[in-house]
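Visitor: I should like to understand how the descriptions attached to this model are justified. Please set each value against the criterion behind it.

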Amino acid sequence: MTQQDAAPRRIADGVYWLGGCLSAFGHGEEVHYHVSAYLVIGAERSALIDTGDPAHREIVMAQLAQALGDRTLDYIVPTHPEIPHAGNLPALLERYPDAQIAGETRDYHLHFPEYADRLWPVAARERIDLGGRELLLLPAYIRDLENTTWAWDSGAGVLFVSDGFSYIHDVPGPDDEDDEPVHLPGQCRLYSGEMPEPPTVAQAAYGTGRALYWTKFVDVSDAFAAIEKVLDEHPTFFIGPAHGNVIDDVAGMLRTSLAAHRAVYVGRGLGQ
Ligand SMILES: [Zn+2]
Ligand SMILES: [Zn+2]
């Protein structure tokens, strides 16, 4: 990741796209895999959704300081307790000694007993007031852990979806075992609509079928109906996944993603 790629991108007023990329080589070409985090700054408080990967700890810390300016970090909201999403918690808690871990914190005292007094459980459908805007926590409709949480920013209409909506844009190759949604160097901070080509249903299905293995066995139509209801009730202009480019064509990507999930499900021979 170049210095320019590593800069935070301001998505909307008070919303920043942070994090780094892991890189790999496939078929002689370097490809990237996002491990993103998002910062929301309200009039009174700020919240970081996910922590970025420990491999990017210094990048994330520098981005965070740059985006916060003279503000401090009040809440850290990991979407679930896995390394790319929660691995920088100790460093963040040390750097921001008044910050709390907020959200679905049920097991965090086991991972971080020394920080048990800094947990603030906030259940799905409850709100974190940031001053002038709220972070509404939502159940994750596409998830890999039971306690995965999504969040929606009322200030700018951004939905943070953790491992959901992780598209791949450039399939490394038909025989490649790589199961990650990747992009090319230089595309790290592009919105989906700024990429050279939007992902096809086949590409989205490729990423979906491997990254979220269970989707082969589950008809996700109900989940997508629930997601559409969320979008109807909470106007959403951007979707921020942890492992994919920020989505600016919300309606179009929803259609592509649903078709991809259906293709994965039907492709296994269970569908109608
Ligand atoms: Zn993840
Ligand atoms: Zn990248």
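The exchange below takes up the sheets, the cores and two backbone angles in turn.

Guide: Please note at the outset that this is a predicted model. The protein has 7 helices and 12 strands.

Visitor: What is the order of the strands in the sheet of 7?

Guide: The order is β1-β2-β3-β4-β5-β6-β7; this sheet is open and its pairing is mixed. Its edge strands are β1 (9–12) and β7, each of which pairs on one side only. On average, neighbouring strands here are turned by 30° against each other, direction ignored.

Visitor: What makes β4 and β5 a pair?

Guide: A pair requires at least two bridges between the strands. β4 and β5 (residues 75–77) share 3 bridges, in the parallel sense, so the requirement is met. Within this pairing, Leu 48 stands opposite Ile 76 of β5.

Visitor: Which strands does α1 lie across?

Guide: α1 lies across β2 (15–26), β3 and β4, and runs at about 155° to β2.

Visitor: Why are β8 and β12 called edges of the sheet of 5 strands?

Guide: That open sheet has the order β8-β9-β10-β11-β12, with mixed pairing. β8 (127–129) and β12 (238–240) each have a single partner strand, so one side of each is left without a neighbour in the sheet. The twist from one strand to the next averages 20°.

Visitor: How many bridges join β11 to β12?

Guide: β11 (residues 158–160) and β12 pair over 3 bridges in the parallel sense. Two would suffice, so they count as paired. Leu 159 has Ile 239 in β12 as its bridge partner.

Visitor: Which residues have the most contacts inside the largest nonpolar core?

Guide: They are Tyr 38 and Ile 76, in a core of 50 residues. Strand β3 (residues 29–41) contributes the largest share of this core, 5 residues. Apart from it lies another core, of 5 residues, including Cys 21, Val 31, Tyr 33 and Cys 188.

Visitor: What does Ile 76 touch beyond its neighbours within four places in sequence?

Guide: Ile 76 is in contact with Leu 48, Thr 51, Leu 89, Leu 92, Ala 99, Ile 101 and Ala 102. Leu 48 is also the residue opposite Ile 76 in the pairing of β4 with β5. For the protein as a whole, among contacts between residues at least 6 apart in sequence, 64% join residues at least 24 apart.

Visitor: What is notable about the phi of Asp 50?

Guide: Most residues other than glycine have a negative phi. Asp 50 has a positive phi of about 65° although it is not a glycine. Asp 50 lies in the loop between β4 (46–49) and α1 (57–68).

Visitor: Is Asp 50 buried or exposed, and how do you know?

Guide: The cut-off for a buried residue is 20 or more other C-beta atoms within 10 Å. Asp 50 has 28, and is therefore buried. Buried residues make up 45% of the 272 residues in the protein.

Visitor: Where does Arg 125 lie, and what is its phi?

Guide: Arg 125 lies in the loop between β7 (119–121) and β8. Its phi is positive, about 80°, although Arg 125 is not a glycine.

Visitor: Is Arg 125 buried or exposed, and why?

Guide: An exposed residue has 12 or fewer other C-beta atoms within 10 Å. Arg 125 has 9, so it is exposed.

How values were computed: Residues are numbered from 1 along each chain as its sequence is written. Chains are lettered from A and ligands numbered from 1 in the order in which they are written. This is a predicted model: local features need pLDDT of at least 70, side-chain atom pairs count only at pLDDT 80 or more; totals for chains, interfaces and linings use all residues. Helices (H or I, at least four residues) and strands (E, at least two) are DSSP runs, numbered from the N terminus. Axes are lines fitted to C-alpha atoms, for helices over the stretch in contact, and angles run from 0 to 180 degrees between N-to-C directions. Two residues are in contact if their C-beta atoms, placed from the backbone, lie within 7 Å. A nonpolar core is a set of buried Ala, Val, Leu, Ile, Met, Phe, Trp, Tyr and Cys residues joined through C-beta atoms within 7 Å.
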